[in-house]
Amino acid sequence: MVASVAGNAASASSPVVEIRDLTRKYGERTILERITLQVGRGELFGLLGPSGSGKTTLIKLITGIEKADGGTVHVFGERMPRLALLGRFGYMAQSDALYNELTARENLLFFASLYGLSGARRQERIQAAMRIVDLTDHMNKPVAAYSGGMKRRLSLAIALLHDPELLVLDEPTVGIDPLLRQSIWKELFALRDRGTTIILTTHVMDEADKCDRIGLIRNGRLTAVDSPEALKTQSGAATLEEAFIVLGGGDQA
Ligand SMILES: Nc1ncnc2c1ncn2[C@@H]1O[C@H](COP(=O)(O)OP(=O)(O)OP(=O)(O)O)[C@@H](O)[C@H]1O
């Protein structure tokens with residue numbers, strides 16, 4: 001009750017995601033160390049870091065899938081984890097959480113029911129999400145017959161299904177061909193321009209370059225947070241890749 005009052009009280013200018021001093025350990029190992037970060041409404045924010053740097057762990061803490069060992073995450077002004085917020089964000093995990101024996105349509109219908117979508121609105125959202133990922137022609141195929149890239153696209157469609165205010169995408173374009181990748185980015189920009197907040201992880205420099213701001217993460221620490229241009233200027237680098245190395249983003253990405 002208290003949390004929901006706090007949520008209602010959050011003003012339009014409050015950050016959508018507010019992370020303070022967030023620490024996560026696995027056993028003795030510190031995986032994320034005192035991460036502090038705010039992401040505002042309508043921002044397209046990228047997390048860039050080498051494999052194993054802690055991107056997925058941070059994403060899981062933002063969504064409330066995992067619990068922190070220290071610090072806090074607030075989403076829409078409410079302390080995570082908070083089940084009631086699930087309908088307000090879309091999450092695409094790194095590994096596809098799909099029912100292989102069901103068709104794409106059946107998968108979408110299942111997730112639509114979780115989000116409380118029904119009737120004409122449900123039909124409209126299923127069509128719209130599948131159009132974005134260019135899978136309309138494969139709606140009635142069992143997911144088991146999908147390629148890896150098609151599964152990624154279907155996972156993205158599911159994350160978009162309820163037109164959420166916050167999209168959290170873990171490597172959304174891995175295994176997706178360049179042409180479709182481009183059209184997905186176009187859609188992400190359009191969503192961002194309509195006020196959707198997007199947080200995504202990527203290994204790909206030219207994708208990171210498209211974000212409004214990027215957080216460089218290495219060994220569980222956020223080493224720099226700024227716009228791609230500012231990061232280049234700050235580090236005296238011509239490319240984001242160089243900036244990434246200069247600013248401690250890592251030379252192993
Ligand atoms: N459940 C777990 N138990 C123990 N260690 C874990 C667990 N999950 C992740 N780790 C470790 O935490 C570190 C960060 O992992 P994480 O998946 O967050 O990295 P990442 O930056 O997303 O990597 P990638 O880009 O390869 O997906 C890694 O060293 C990983 O081995």
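A residue is called buried here if 20 or more other C-beta atoms lie within 10 Å of its own, exposed if 12 or fewer do, and partly exposed in between, with C-beta atoms placed from the backbone. Arginine 20 is a first case: 15 C-beta neighbours lie inside 10 Å, so arginine 20 counts as partly exposed. Please keep in mind that this is a predicted model, in which local features need pLDDT of at least 70 and side-chain atom pairs count only at pLDDT 80 or more, while totals for chains, interfaces and linings use all residues. Residues are numbered from 1 along each chain as its sequence is written.

**View 1. The whole chain, with nine helices and 10 strands.** Helices (H or I, at least four residues) and strands (E, at least two) are DSSP runs, numbered from the N terminus. The radius of gyration, taken over C-alpha atoms, is 18 Å, close to the 18 Å from the globule rule for 253 residues, so the chain is as compact as a globular protein of that length. That rule is 2.2 Å times the number of residues to the power 0.38. Along the principal axes, the C-alpha atoms fill a box of roughly 50 × 45 × 40 Å. Of the 253 residues, 41% count as buried. Two residues are in contact if their C-beta atoms, placed from the backbone, lie within 7 Å. Among contacts with a separation of 6 or more, 68% come from residues 24 or more positions apart.

**View 2. The span that UniProt lists as "domain: ABC transporter".** The record, an unreviewed entry, gives residues 17–244 for this feature. UniProt positions follow the numbering used here, feature names are shortened, and annotations may be inferred rather than shown by experiment. In the model, the span is 35% helix and 27% strand, and its end C-alpha atoms lie 24 Å apart.

**View 3. The residues around the ligand.** Which residues are found around the ligand? They are Tyr26, Ile31, Gly49, Ser51, Gly52, Ser53, Gly54, Lys55, Thr56, Thr57 and Gln94. A residue is near a molecule if its C-beta atom, placed from the backbone, lies within 6 Å of it. Helix H2 (residues 55–63) gives the most to this shell, with three residues. By class, the shell has two nonpolar, eight polar and one charged residue. Ala, Val, Leu, Ile, Met, Phe, Trp, Tyr, Cys and Pro count as nonpolar, Asp, Glu, Lys and Arg as charged, and the others, Gly among them, as polar.

**View 4. An open sheet of four strands in the order E2-E1-E4-E5.** The pairing in this sheet is antiparallel, and two strands pair if DSSP finds at least two bridges between them. The edge strands, E2 (29–39) and E5, each pair on one side only. Inside the sheet, E1 (residues 17–26) and E4 (residues 70–75) are joined by five bridges. Isoleucine 19 stands opposite valine 73 in E4. E4 is also joined to E5 (residues 78–79), by two bridges, and valine 75 has glutamate 78 in E5 as its bridge partner.

**View 5. Two neighbours in strand E1, arginine 20 and aspartate 21.** Leaving aside neighbours within four places in sequence, arginine 20 is in contact with Thr36, Gly71 and Thr72. Glycine 42 is 22 residues away from arginine 20 in sequence, and their C-alpha atoms are 20 Å apart. Is aspartate 21 buried or exposed? Aspartate 21 is exposed, because 12 other C-beta atoms lie within 10 Å. Its phi is near 50°, a positive value in a residue other than glycine. Most residues other than glycine have a negative phi, and most peptide bonds are trans.

**View 6. The hairpin of E4 and E5, and the loop that follows E5.** Two residues lie between the strands of the hairpin. Phenylalanine 76, in the turn, has a positive phi of about 50°. Phenylalanine 76 is buried, because 23 other C-beta atoms lie within 10 Å. Proline 81 sits in the loop between E5 and strand E6 (89–92). A cis peptide bond, with omega about 0°, joins methionine 80 to proline 81.

**View 7. Leucine 179 in helix H6 (residues 178–193).** Leucine 179 has 9 C-beta neighbours inside 10 Å, so leucine 179 counts as exposed. Alanine 68 is 111 residues from leucine 179 along the chain, and 38 Å separates their C-alpha atoms.
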